[in-house]
Amino acid sequence: MSLRKILCMIAALLPAVLSFAEKAETQREIRIVSGKHAYDLDPHTASYANEAQLLTGLYEGLFSYNPVTLEPVNAICESYKISRDKKRWTFKLKGNVKFSDGTPITASVIKESWLSLLSTKGAPFSSFLDCVKNAALFRDGKTDAASVGINARDDTTLVVNLEEPTGHLASLLCHHSLCAVSKKKGVYSGAFVLESCTDEKIVLKKNENYHEADKVIIPGITITLSDDVNENTFTYNTGNTDWVDSYADSDKIIDKDSVHVSANFGTTYLFFKNTNAPWNNPKIRQALLYAVPYDELRKDYYMKAETLIYQLSGYPKVTGLSDYDADDALNLMNEARDELNIPRDKKLMLVFAGAEPDFTSKWSELLKKAWEPLGVELVVQNAPVERYNASIPYWNADIFFYSWIGDYADPLAFLELFRSNSSFNESGYSNKEYDSLLLQASRSDSAAERMKLLSRAEQLLLDEGEIIPVNHSLSLHVINLDEIGGWSQNALDIHPLRYLYIKKAENPLKGKLLIKY
């Protein structure tokens, strides 16, 4: 190559080099405020959205999320191919990928990480791998690890054999539960390592052994844990916080352009637990649903939900729950009582699992009044809201509330919650037709047909009265996108930490606003 060509290449690259250098000069740690609770930083057992957010920085798997579209992008995976029958995926891993302690991340590491997920008792996302041959059987203790369809052919080749075609597998593999996890504590596969973690603050530092460390230009992240809305608002207005996740008063934020509110691919709903009769009977549940005054139930919510799944492009419209007719409700209840040989005048006790403090009291009061004419006595049992989700599997109540944000932009992210053998299935709902529709959808070669089958499954769930949708989720973030780069609004409300960087100097308001609220 001639000297002239070399000089031309250097000249072409110089702006990009200078741009990076300018960024590097202005970089510092990013300061985040997030909700306060006991954080579970084990990727196999973590289940809260803010834990998922944090784990995007500590762990990485074959794929990661595109920060704008959330489409899967290659991470540890260099390339992959799918067999003609679509039931075998072969992944080629990047060479020289390491954990934070310098240990190589090989195909065997990925295999062992996934098997560890499957064998972890109570792991909420373990059924993500039910699409893999014999994974569900291994998870249930009915076969051994050797029979699971995950094979490390060599250090950089992972072969995965599936029960059925799973077109969304790459999207699933972005999730933190399927990342590369070391057997050693304090060792990470992501862009950052955990320096310290207390009830008040979590500190992350850049992982110098990360395979794309050169593209991570901030030195670290400090996450202050606080539910004090006024204090969080004040620290943002004074320039001492870069990003407040949810817990801020948007009306008091000075820079209104920093306030970002958007709809999420998420839903809050009530569900029936199929343990106790007669509430495991669809007709009894349908009677209850006709007696619910939905306008009153949903009046306090901006994004009212009549369906479980927030409308996605290409997903057929489902008939939601909005019909309120007290007379029809009583007639249905009487018919159901007659069919089940339950006397019409017998009082039926239904236990509502509530959350303290007063988190669900409006719902329980409304439902108690609505169902009393049907001969139903609503009894409320409460648990602290921070322990609510963990209590559901062991709680002998009949109706619960739940909030769920999809982990990937697909209806199956919600419908999996009610598949008979799913690790997400807290309700105990089991319906052969429903399971069959999900199976048919997995086998479909047509995207449109797949969506149609999934919408039929959701319709069945609603028609059987298994759930009562209340509202779709909204996210609130306060962040100045003129100062912080690498952050974008998206439907899953996931913002991979590795992409964050400082665009310019500190907030000029810092230290100038001294009034607290």
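Three short exercises on surface residues follow, each with a worked solution.

The model is predicted: local features need pLDDT of at least 70, side-chain atom pairs count only at pLDDT 80 or more, and totals for chains, interfaces and linings use all residues. Residues are numbered from 1 along each chain as its sequence is written, and side-chain values use heavy atoms, with hydrogens and water left out.

**Exercise 1.** Classify Y499 as buried, partly exposed or exposed, and place it in the fold.

Solution.
- Start with the cut-offs: buried is under 20% relative accessible area, exposed is over 50%, and partly exposed lies in between (1.4 Å probe, protein chains only).
- Y499 has a relative accessible area of 24%, so it is partly exposed.
- Y499 sits in the loop between β17 (484-485) and β18 (501-502); strands (E, at least two residues) and helices (H or I, at least four) are DSSP runs, numbered from the N terminus.

**Exercise 2.** Which residues does Y499 touch, leaving out those up to four places away in sequence?

Solution.
- Contact means heavy atoms within 4.5 Å.
- On that basis Y499 touches S64, Y65, P67, V73, G485 and G486.
- Now compare sequence and space: Y499 and G57 are 442 residues apart in sequence, yet 9.4 Å apart C-alpha to C-alpha.

**Exercise 3.** Where does Y302 lie, and is it buried or exposed?

Solution.
- Find the element: Y302 lies in the loop between α8 (294-298) and α9 (326-339).
- Apply the cut-off: Y302 is exposed because its relative accessible area is 70%.
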